[in-house]
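Biologist: I'm new to this one, so please give me a close look at a single part and then show me how the rest fits around it. Let's start with this: which residues line the second largest pocket?

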Amino acid sequence: MPITATLINYLMLCRRKVWLHANGIRMEHTSEVVAEGRLIGVESYPQRAERWTEIEVSGMLPYSADTPIELAAKIDFFDPHLGIVHEVKKSVAKEQAHIAQVQFYLYVLRLNGIKAEYGLIEYPKLRITERVSLTTDDQQQLESQIRKAHALVQQETCPERLPVSQCRSCSFFEFCWVGEE
Ligand code: SF4
């Protein structure tokens, strides 16, 4: 399975969530969540239809020849002229996981020789926009995260749960905790 932005996002939250997702266990209604995100994006940014495009890119993590690590990214809103990735979040809070996700997009675009200057995470409900860059240091950290995600995906056993207090808003809550509280 290729490493995706979703897995990198989840890695910032919970190792077990990465493993469950990679093993095909889905509790969220992904298509509905994606559709809602797109709807918020289109309604909040109607200019998108004219200037932004959807793009899918893939590649291999450099220097991973011994253990090839495939990467794949599907970006809903990309401005190819200015090289800006736009991500729209319906969340009411900014999260480091969102930044990691957009950095992953920038990284895979650049791997493909596509101009990717920076990202903008737009939070319509908060009415704020977060600018995301990808420096050399960020890139090294991201490559380390990609290797960690890959190792987790290969792992045969499911990682331990987080403390329940950190699980309340997780879509896997019932899967991990039902009948055990
Ligand atoms: S419920 Fe908790 S342990 Fe389970 S995947 Fe979510 S955050 Fe991780």
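Modeller: Before I list them, here's how I sort residues: Ala, Val, Leu, Ile, Met, Phe, Trp, Tyr, Cys and Pro go down as nonpolar, Asp, Glu, Lys and Arg as charged, and the others, Gly among them, as polar. Keep in mind, too, that we're looking at a predicted model.

Now the pocket. The residues lining the second largest pocket are Ile8, Met12, Gln96, Ile99, Ala100, Gln103, Asp138, Gln141, Leu142 and Gln145. Sort them by class and you get 5 nonpolar, 4 polar and 1 charged residues. The nonpolar ones are Ile8, Met12, Ile99, Ala100 and Leu142. The polar ones are Gln96, Gln103, Gln141 and Gln145, and the charged one is Asp138. As for volume, the second largest pocket comes to about 160 Å³.

Where do these residues come from? Two helices, α5 (96–111) and α6 (136–154), each give at least two residues to the lining of the second largest pocket. From the α5 stretch you have Gln96, Ile99, Ala100 and Gln103. From the α6 stretch come Asp138, Gln141, Leu142 and Gln145.

Let's stay with α5 for a moment. With 16 residues, α5 covers 23 Å from its first C-alpha to its last, close to the 22 Å you'd expect at 1.5 Å a residue. It's a mostly covered helix, too: 13 of the 16 residues of α5 are buried. For the protein overall, 45% of its 181 residues count as buried. After α5 comes glycine 113, with a positive phi near 75 degrees.

A positive phi turns up elsewhere as well. Most residues other than glycine have a negative phi. Arginine 127 isn't a glycine, yet its phi is positive, at about 60 degrees. You'll find arginine 127 in the loop between β5 (118–123) and β6 (128–132), and with 78% relative accessibility it counts as exposed.

Just upstream in the chain order, the loop between β4 (84–88) and α5 holds lysine 90. Lysine 90 counts as partly exposed, because its relative accessibility is 32%. In space, lysine 90 and glutamate 122 are 8.7 Å apart, C-alpha to C-alpha, though 32 residues separate them in sequence.

Let's step back to the whole fold. The protein has 7 helices and 6 strands, and from the N terminus on they run β-α-α-α-α-β-β-β-α-β-β-α-α. One residue to look up in strand β2 is valine 57. At a relative accessible area of 10%, valine 57 is buried. Its C-alpha sits 8.4 Å from that of leucine 71, which is 14 residues away in sequence.

How about rings? Searching the whole structure gives 2 aromatic pairs. Tryptophan 52 and phenylalanine 77 make a tilted pair, with 6.0 Å centre to centre and 55 degrees between the planes. Tryptophan 52 is in the loop between α4 (48–51) and β2 (53–60) and phenylalanine 77 is in strand β3 (residues 70–79), so this pair ties together parts 25 residues apart in sequence. Both rings belong to buried residues: tryptophan 52 has 7% relative accessibility, and phenylalanine 77 has 4%.

Phenylalanine 172 and phenylalanine 175 form an edge-to-face pair, 6.4 Å centre to centre and with 80 degrees between the planes. These partners differ in cover: phenylalanine 172 is buried, with a relative accessible area of 1%, whereas phenylalanine 175 is partly exposed at 38%.

Phenylalanine 172 is also our way to the ligand. This residue lies in the loop between α6 and α7, and its C-alpha is 7.5 Å from that of lysine 17, even though the two are 155 residues apart in sequence. Both are in the shell around the ligand, which consists of Cys14, Arg16, Lys17, Arg161, Leu162, Cys167, Cys170, Phe172, Phe173 and Cys176. At least two residues of that shell come from each of α2 (15–22) and α7 (173–177). By class, the shell has 7 nonpolar, no polar and 3 charged residues. Arg16, Lys17 and Arg161 are the charged ones. Hold that against the pocket we began with, where the lining includes 4 polar residues.

Technical notes: Residues are numbered from 1 along each chain as its sequence is written. This is a predicted model: local features need pLDDT of at least 70, side-chain atom pairs count only at pLDDT 80 or more; totals for chains, interfaces and linings use all residues. Side-chain values use heavy atoms; hydrogens and water are left out. On a 1 Å grid over the protein atoms alone, a cavity is a set of points where a 1.4 Å probe fits but cannot get out, and a pocket is an open set with protein on both sides within 12 Å along at least five of seven lines; lining residues have an atom within 4 Å of a point. Grid points are joined across faces, edges and corners, and a volume is the space filled by probe spheres set on the points. Helices (H or I, at least four residues) and strands (E, at least two) are DSSP runs, numbered from the N terminus. A residue is near a molecule or strand if one of its heavy atoms lies within 4 Å of it. The expected span of a helix is 1.5 Å times one less than its number of residues. Buried means under 20% relative accessible area, exposed over 50%, partly exposed in between (1.4 Å probe, protein chains only). Rings of Phe, Tyr and Trp (its six-membered ring) pair if their centres lie within 6.5 Å; planes under 30 degrees apart count as stacked, over 60 as edge-to-face and the rest as tilted.
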